[in-house]
Amino acid sequence: VPATLSSDVLSVPLSATETDRFLAVTGTTGNQYYAAGFTTVADDSQMAVARFGVTGGLDTSFGSNGIATVNVAVGTGKIAELARSIIVQSDGKIVIAGPIEHDTAATGDGARDTDIAVVRLEATGQLDQTFGNKGITRLDLSTGKVTGTAFRGDTAWGLTLLPGDELLLIGGKVADGGDRSDSDYAVLKLTANGTRDNTFGTNGLVTLDIGKGNDNPRTALVQPDGKIVVSGHTSDAGVVTTVLFRLLSDGQFDTSFGRDGVANVALLPFVAEAYDVALQGTNLVIAGYGRDTSGGTVDIISARFLSDGTWDKSYGDGGL
């Protein structure tokens with residue numbers, strides 16, 4: 001960092017000696033903002049949230065000296081737990097979500113299985129006992145499976161705030177079927193207090209399986225008309241393609257978008273991943289990264305889709 005900018009950079013160790021990392025950030029009224037991620041204590045990762053004031057310093061009135069931690073899955077050597085997303089509800093309560101270990105006492109492949117945890121904190125940084133089960137909603141969508149050297153289980157990436165402080169969780173699960181070990185998209189709707197909204201999709205859950213490749217969820221937005229657009233990408237036979245899909249407010253696929261509600265496009269010949277999506281008028285703009293050759297370097301990319309899911313080739317250089 002150039003010396004002239006050094007005063008604008010803040011380093012915040014969440015623990016003195018262990019690995020820690022922020023993965024998500026959100027702003028609030030009153031010029032406060034929160035960062036969420038994980039910290040590690042005695043080889044056990046924990047969800048972590050820090051609150052900052054307008055000058056960038058930790059707000060020491062939150063949690064313990066500005067940092068709140070939650071250890072949902074307790075156990076030495078358990079490092080899957082982390083918070084990947086964070087939102088603040090209208091009453092100032094903080095909601096985070098991410099993967100956790102399914103069973104910290106399990107051994108072998110069972111020890112690698114993961115579930116999803118959604119956690120709500122009071123504005124003080126304490127667990128909100130009125131949310132889920134004493135502040136935590138655990139979601140077990142599928143049983144993890146080994147595929148080659150990899151292991152796939154349930155995971156969570158994005159949280160989106162819906163009207164009435166309801167919650168939309170963007171995640172993934174193992175595909176249904178005894179012969180399947182790939183991952184599918186999983187979108188869950190929770191009430192403001194952390195219970196499944198069974199009026200959405202099927203028992204609060206919508207899944208999407210694109211071929212038999214690995215589907216990778218990222219984020220979602222809510223359009224002014226209430227429709228939900230989810231971003232991500234799909235990997236099949238070494239080629240990664242960009243995915244957007246649109247749901248109606250009840251969780252049904254919007255068939256006026258893309259093909260049966262799904263736009264799956266190879267923006268580049270080898271890799272094109274969408275990590276976020278935003279509205280530009282009625283159009284949709286994604287940001288992510290990709291490469292156009294099998295051995296090439298990775299570049300930052302952006303693309304625009306029309307309101308019906310069509311890739312807009314007039315954007316950028318031939319659509320990118």
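User: In this predicted model, which strand holds proline 99?
Analyst: The model is a prediction. Proline 99 does not sit in a loop here; its place is strand β6.

User: Is proline 99 buried or exposed?
Analyst: Its relative accessible area is 6%. A residue counts as buried under 20%. So proline 99 is buried.

User: Which residues does proline 99 touch, leaving out those up to four places away in sequence?
Analyst: A contact needs heavy atoms within 4.5 Å. Some partners of proline 99 come earlier in the chain, including Met47 and Ala80. The full list is Met47, Ala80, Glu81, Leu82, Arg84, Asp115, Asp154, Thr155 and Ala156.

User: How far apart in space are proline 99 and serine 302?
Analyst: Along the sequence, 203 residues separate proline 99 and serine 302. In space, the distance runs from C-alpha to C-alpha. That distance is 28 Å.

User: What secondary structure does the protein chain have?
Analyst: Helices come to zero in the protein chain. Strands make up the count instead. The total is 21 strands.

User: Why is the protein chain called as compact as a globular protein of its length?
Analyst: The chain has 320 residues, and the globule rule gives 20 Å for that length. The radius of gyration of the chain is close to that value, so the chain is as compact as a globular protein of that length. The radius of gyration is 20 Å.

User: What are the spans of the C-alpha trace along its principal axes?
Analyst: The trace belongs to the protein chain, and each principal axis has its own span. The spans are about 55 × 50 × 45 Å.

User: What share of the residues is buried?
Analyst: Buried means under 20% relative accessible area. The protein chain has 320 residues to sort in this way. The buried share is 51%.

User: Which residues touch the most other members of the largest nonpolar core?
Analyst: This core has 20 residues. Elements that give two or more residues to the core are β2, β3, β4, β5, β6 and β7. The residues that touch the most other members are Val49, Ile86, Ile94, Ile96, Val119 and Leu121.

User: How many residues are in the second, separate core?
Analyst: Among the members of the second core are Phe257, Leu284, Ile301 and Trp311. This core is separate, and its count is 17 residues.

User: Where is asparagine 65, and is it buried or exposed?
Analyst: Asparagine 65 is in the loop between β3 and β4. Its phi is positive, about 60°, although asparagine 65 is not a glycine. Its relative accessible area is 56%, and exposed means over 50%. So asparagine 65 is exposed.

User: Is aspartate 165 buried or exposed?
Analyst: Aspartate 165 is in the loop between β11 and β12. Its phi is positive too, about 65°, although aspartate 165 is not a glycine. Its relative accessibility is 14%, and the cut-off is under 20%. So aspartate 165 counts as buried.

User: Which residues does alanine 123 touch, leaving out those up to four places away in sequence?
Analyst: Alanine 123 lies in the loop between β7 and β8. At 37% relative accessibility, alanine 123 counts as partly exposed. The residues touched are Arg51, Phe62, Gly92 and Ile94.

Methods:
Residues are numbered from 1 along each chain as its sequence is written. This is a predicted model: local features need pLDDT of at least 70, side-chain atom pairs count only at pLDDT 80 or more; totals for chains, interfaces and linings use all residues. Side-chain values use heavy atoms; hydrogens and water are left out. Helices (H or I, at least four residues) and strands (E, at least two) are DSSP runs, numbered from the N terminus. The radius of gyration is taken over C-alpha atoms; the globule rule is 2.2 Å times the number of residues to the power 0.38. Buried means under 20% relative accessible area, exposed over 50%, partly exposed in between (1.4 Å probe, protein chains only). A nonpolar core is a set of buried Ala, Val, Leu, Ile, Met, Phe, Trp, Tyr and Cys residues joined through side-chain atoms within 4.5 Å.
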